Amino acid sequence: MRTTVLIVAAGSGSRLQAGVPKAMVTLGDGHTMLEHCLDSVVAARDAGAIELNAIAVVVPGDPDHAASLEAVCHDFAARTAVTVQTVPGGAERADSVRAGLAAVRTLAGSAGSAGSAGGPFGRHALLVHDAARPFVPPAVFDAVATALESGTAAVVPAVEVVDTIKTVTGAAPEEVTGTLQRTQLRAVQTPQGFDLTSLEAAHRLAEEGAAGAAALTDDAMAMEAAGHRVGVVAGDPLGFKITTQLDLMLANALLASGSAAPSTPSTNLEHH
C-alpha cells in the first residue's frame with residue numbers, strides 16, 4: 001500500500017530549552033533529530049515495512065529556522081532519492097498537520113480517490129510522525145502499515161503505562177480526585193497511521209469545532225471525534241519523545257552505547 005509520511009518538525013522545543021526548534025537539536029553523533037527521524041523512515045522502507053511514496057516535512061514558520069531544516073531535507077533527498085517536500089507550520093501542532101495534509105495530498109496524487117491504485121478501496125496510507133521521536137524501529141512502522149492494509153482507518157502504536165496515574169483538581173493546592181486503572185492506559189507514540197481521505201475529513205470537522213487546534217495533541221483525537229475506531233498496535237521503548245533535557249541525555253546515551261542507530265553521514269550539510 002503506497003504510503004506518504006508526514007513528519008511534524010515545527011515545534012519550538014520550549015521545554016527542551018535548547019534555543020532552537022526541537023528538530024534542529026544536534027544529538028551526540030553530530031546529526032539533528034530530523035536527520036535521525038528521516039533515516040528511520042528510510043530504514044523502515046529498506047526493511048520492507050512500508051512502501052514509501054514520499055515524505056512531507058512541516059518546518060517552523062521562522063524563515064531562518066525553516067531554511068536550516070530545508071537544507072537537511074534537501075541533503076537527505078539527494079542521498080536517498082526520496083521525494084521530500086517541506087511546508088511551513090502553524091501556531092499549534094494541529095495547524096501544522098493541516099498545512100502538511102495539503103502537501104501530502106499533492107504528493108499522493110489521485111491515490112485517495114475511489115478506484116485508484118492507492119491500496120484497498122483506492123485508499124492512500126498516511127503516517128504522521130513526530131521529528132522528536134528519532135529512533136522508532138522498523139517493526140513499529142510495519143505494525144502500523146499492516147493494520148492499515150487490513151482496512152482500518154486509524155491506528156496508533158502504544159506502550160503500557162508503568163506509573164500510577166491520578167487525576168487532580170485544577171486549582172492549587174492540588175488534591176487527588178481519583179486513580180485511573182493502569183491496565184486500561186497506554187502511552188501513545190508515532191508514527192500514527194491513517195487513511196488519508198478520512199484524516200483530511202476529520203481535521204476539517206475539528207477545525208469547525210469549538211475546541212480549537214490547541215485541544216488536539218495528536219491526530220488520533222481528530223479521528224476519534226469524527227467517530228472512527230482507532231486501532232492500537234505495539235509500540236517500542238525506543239519510540240520515546242525527546243521533550244526534556246533528561247530525554248536528550250537518554251538519546252545520547254543510547255547512541256553512545258549503540259542501542260540506537262546513528263544517522264547516516266550526510267554530505268555538504270551545514271549545521272546552523
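**View 1. Helix α3 of the predicted model, residues 93–108, and its surroundings.** Helix α3 has 16 residues, which at 1.5 Å a residue should span 22 Å, and its end C-alpha atoms are 22 Å apart, in agreement with that value; the expected span is 1.5 Å times one less than the number of residues in the helix. Helices (H or I, at least four residues) and strands (E, at least two) are DSSP runs, numbered from the N terminus. The buried residues of α3 are A94, S96, V97, R98, G100, L101, A103, V104, L107 and A108, where buried means under 20% relative accessible area, exposed over 50% and partly exposed in between, with a 1.4 Å probe and protein chains only. The cover over these buried residues includes β1, β2, β3, β4 (125–130), α5 and α6 (219–225), contact being defined as heavy atoms within 4.5 Å. After α3 comes G109, which has a positive phi near 65 degrees.

This is a predicted model, in which local features need pLDDT of at least 70 and side-chain atom pairs count only at pLDDT 80 or more, whereas totals for chains, interfaces and linings use all residues. Residues are numbered from 1 along each chain as its sequence is written, and side-chain values use heavy atoms, with hydrogens and water left out.

**View 2. R93 in helix α3 and its contacts.** Leaving aside residues up to four places away in sequence, R93 touches V8, V128, D130, T217, D218 and D219. The side chains of R93 and D130 are joined by a polar contact of 3.0 Å; a polar contact is a pair of N or O atoms within 3.5 Å, and within protein one must be able to donate a hydrogen and the other to accept it, while residues adjacent in sequence count only if both atoms are side-chain atoms. R93 and A9 are separated by 84 residues in sequence, yet their C-alpha atoms lie 9.5 Å apart in space.

**View 3. The largest pocket and its lining.** The largest pocket holds about 560 Å³ of space and is lined by 25 residues, of which G11, S12, K22, R93 and K241 lie nearest its centre. On a 1 Å grid over the protein atoms alone, a pocket is an open set of points with protein on both sides within 12 Å along at least five of seven lines, a cavity is a set of points where a 1.4 Å probe fits but cannot get out, and lining residues have an atom within 4 Å of a point. Grid points are joined across faces, edges and corners, and a volume is the space filled by probe spheres set on the points. The lining divides by class into 11 nonpolar, 8 polar and 6 charged residues, with Ala, Val, Leu, Ile, Met, Phe, Trp, Tyr, Cys and Pro counted as nonpolar, Asp, Glu, Lys and Arg as charged, and the others, Gly among them, as polar.

**View 4. The second largest pocket, with a volume of about 250 Å³.** Its lining consists of R133, V159, E160, V161, V162, A187, V188, Q189, D236, P237, F240 and K241. Two elements, β5 (154–160) and β8 (186–188), give two or more residues to this lining. By class, 7 of the lining residues are nonpolar, 1 is polar and 4 are charged.

**View 5. Helix α2, residues 63–80, and the residue after it.** The 18 residues of α2 should span 26 Å at 1.5 Å a residue, and the end C-alpha atoms are 25 Å apart, which agrees. At the start of this helix, a side-chain oxygen of D62 comes within 3.1 Å of the backbone nitrogen of D64. A66, S68, L69, V72, C73, D75, F76 and T80 are the buried residues of α2, and they pack against α1 (33–46), β2 (51–59) and β3 (84–88). A81 lies in the loop between α2 and β3 and has a positive phi of about 60 degrees although it is not a glycine; at 70% relative accessibility, A81 counts as exposed.

**View 6. Two cis peptide bonds, one from A172 to P173 and one from T190 to P191.** Omega is about -5 degrees for the bond between A172 and P173, and P173 belongs to the loop between β6 (166–168) and β7 (176–179). For the bond from T190 to P191, omega is near 10 degrees, and P191 is found in the loop between β8 and β9 (192–195).
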